[in-house]
Amino acid sequence: MQVEELIGGGLSAQQIFGWAGQAALIGWLVLIFLPRRIKLIFAIPQYLIPVGLGIVYSGLALSRYFAIEGGYSSLEQVKLLFQDDFMLLAGWIHYLAFDLFIGAWIAKQADQLGISRLLQAPILVATFMFGPVGLVIFFCIKAGFFSLPRVEIKEVQHA
């Protein structure tokens, strides 16, 4: 069975690539700009989009992996595996899903540590663009290698 038949109706790798990228971008925009205290909104980048991308990844990877040459035991094998557009796409969707999930985890941890959203934004952008770079920056901040200014918000007492 061809991947196009499996996903229903002849979608091209390029179409799936576009939709996956748009879904991930929406997740990142929600994560960075919308309120996280509303659990339903935060669930979009934290679970909904990563799970949706994970389902697409699973369909692509499992339908092609055993039907083509290549594997994961050497760089040459990976190169062979990713010569197939749908396996290359599966690899890309893997990155999109995991980076967004890790971004949501970073955001939640940063909120618990009291790191302001303004300071979180560059960390999340780094995670979006370069995955592990953002994670390393966050861990360095969490470990105290970089000191961040504390922004205290005083409550206004009503008369």
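Where is the place of Gln-109? The legends below describe close-up views of a predicted model.

**Figure 1. Gln-109 and its contacts in helix 5**. The place of Gln-109 is in helix 5. With a relative accessibility of 18%, Gln-109 counts as buried, because buried means under 20% relative accessible area. When residues up to four places away in sequence are not counted, Gln-109 touches Phe-138 and Lys-142.

**Figure 2. The salt bridge between Arg-36 and Asp-111**. The closest N and O atoms of Arg-36 and Asp-111 are 2.7 Å apart, and the two residues form a salt bridge. This pair links distant parts of the chain, 75 residues apart: Arg-36 belongs to the loop between helix 2 (13-33) and helix 3 (39-64), while Asp-111 belongs to helix 5 (residues 85-113). Arg-36 is buried, at 9% relative accessibility, whereas Asp-111 is partly exposed, at 34%. Side chains of opposite charge can pair when their charged atoms come close.

**Figure 3. The salt bridge between Asp-84 and Arg-64**. A salt bridge joins the side chains of Asp-84 and Arg-64, with a distance of 2.3 Å from N to O. Asp-84 is found in the loop between helix 4 (75-81) and helix 5, and Arg-64 in helix 3, so the pair ties together parts that are 20 residues apart in sequence. Asp-84 counts as buried, at 12% relative accessibility. Arg-64 is also buried, with a relative accessible area of 14%.

**Figure 4. The salt bridge between Glu-76 and Lys-79 within helix 4**. Glu-76 and Lys-79 form a salt bridge in which the closest N and O atoms are 3.3 Å apart. Both residues lie in helix 4, where they are 3 residues apart, about one turn of the helix. Lys-79 is partly exposed, and its relative accessible area is 46%. In total, the count comes to 3 salt bridges.

**Figure 5. The aromatic cluster of Tyr-65, Phe-66 and Tyr-72**. The structure holds 7 aromatic pairs. In one of them, the ring centres of Tyr-65 and Phe-66 are 4.9 Å apart and the planes stand at 90°, so the pair is edge-to-face. Tyr-65 also forms an aromatic pair with Tyr-72, and this pair is stacked, with 5.5 Å from centre to centre and 10° between the planes. Tyr-65, Phe-66 and Tyr-72 thus appear together as one aromatic cluster. Within this cluster, Tyr-65 is partly exposed, with a relative accessible area of 25%, whereas Phe-66 is exposed, with a relative accessible area of 69%.

Methods: Residues numbered from 1 in each chain as written. Predicted model: local features only at pLDDT ≥ 70, side-chain atom pairs only at ≥ 80, totals over all residues. Heavy atoms only, no water. Salt bridge = Lys/Arg side-chain N within 4 Å of Asp/Glu carboxyl O. Helix = DSSP H or I, 4+ residues; strand = E, 2+ residues; numbered from the N terminus. Buried < 20%, exposed > 50% of the residue type's maximum accessible area, 1.4 Å probe, protein only. Contact = heavy atoms within 4.5 Å. Phe/Tyr/Trp six-rings, centres within 6.5 Å; stacked < 30°, edge-to-face > 60°.
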